[in-house]
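Visitor: I'd like a close look at one part of this protein: the pockets. Could you walk me through what lines them, and then through whatever else nearby is worth a look?

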Amino acid sequence: MHDESMSDQVTLRPVSADDLPMLDALTQDSGQTGEFGWFGWLDRGRWRRGWDENGLIGPDGGTLVVARGDDQLGLVNWRRQQTTPAAYCWEIGVALLPEARGHGYGTQAHRLLARYLFAHTTVHRIWAATEVDNIAEQKALERAGFTREGVTRGGGWRDGAWRDGVTYSLLRTDPPV
């Protein structure tokens, strides 16, 4: 999956066993997660179990590696969210390694993941949320074509405090990304 319009070629690819240490670092190492991604130490076997079970891609969600050539830049993931008994949407997320932040790779990764999900699933809505203070992520989502929907007051717990969040969405009927 390539985005030819971007100057720095970013791709998404399935996770390999060699990527598992990077996934651990992006979720378990406060020096790698960044301010908005550190939630304390969590399930340290999560990535390995998911890899052993289904290679981290299943009917209710998945994880892909964001790469540029042979370089790992981070991960994208998606989770099924039931909206009615007959419909669901995807909630997506991105986490980039510190050295990959600030280069537009997050925008490209969001755009590539949305294209992938619209091409390979029947979902009509994709959404993402971030903290109100995470301006870089908000800009990345907006540049990727997502629409800001509103603020969720006190919706997330991080670093000893409840945090307000911002929700963004992209619909299948929105202009192409």
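Guide: Here is a tour of the pockets, followed by a helix and a few ring contacts.

Keep in mind that this is a predicted model. Let's start with the largest pocket, which has a volume of about 1,400 Å³. Its lining takes in 49 residues, and the ones nearest the centre are Phe36, Gly37, Val94, Thr130 and Asn134. If you want to know which element gives the most to that lining, look at strand E5, residues 87-96, with 6 residues. As for chemistry, the lining of the largest pocket splits into 19 nonpolar, 19 polar and 11 charged residues.

Now for the second largest pocket, with a volume of about 240 Å³. Here 15 residues make up the lining, and Arg46, Leu56, Gly61, Gly62 and Thr63 are the closest to the centre. Four elements give two or more residues each to this lining: helix H3 (46-54), and the strands E2 (57-58), E3 (61-68) and E4 (71-84). H3 gives the most, with 5 residues. By type, the lining of the second largest pocket has 4 nonpolar, 7 polar and 4 charged residues.

Stay with Arg46 for a moment. Besides being one of the residues closest to the centre of the second largest pocket, Arg46 lies over the face of Trp47, 4.1 Å from the ring centre. You'll find another arrangement of this kind at Arg80, which lies over the face of Tyr88 at 3.7 Å from the ring centre.

While we're on rings, a search of the whole structure turns up 3 aromatic pairs. One of them joins Trp157 and Trp162 edge-to-face, with 5.2 Å from centre to centre and 65° between the planes. What about their exposure? Trp157 has a relative accessible area of 48%, so Trp157 is partly exposed, while Trp162 reaches 57% and therefore counts as exposed.

Helix H4 is the last stop. H4 covers residues 105-120, 16 residues in total, and spans 22 Å from first C-alpha to last, close to the 22 Å expected at 1.5 Å a residue. Of those 16 residues, 12 are buried, so H4 is largely enclosed by the rest of the structure. The buried set starts with the run Tyr105, Gly106, Thr107, Gln108, Ala109, His110, Arg111, Leu112, Leu113 and Ala114, and Leu117 and Phe118 are buried too.

Conventions. Residues numbered from 1 in each chain as written. Predicted model: local features only at pLDDT ≥ 70, side-chain atom pairs only at ≥ 80, totals over all residues. Heavy atoms only, no water. 1 Å grid on protein atoms, 1.4 Å probe; cavity = no way out; pocket = protein on both sides within 12 Å on 5 of 7 lines; lining within 4 Å. Points joined across faces, edges and corners; volume = space filled by probe spheres on them. Nonpolar A, V, L, I, M, F, W, Y, C, P; charged D, E, K, R; others polar. Expected span 1.5 Å × (residues − 1). Buried < 20%, exposed > 50% of the residue type's maximum accessible area, 1.4 Å probe, protein only. Phe/Tyr/Trp six-rings, centres within 6.5 Å; stacked < 30°, edge-to-face > 60°. Lys NZ or Arg CZ within 6 Å of the ring centre and 35° of its normal.
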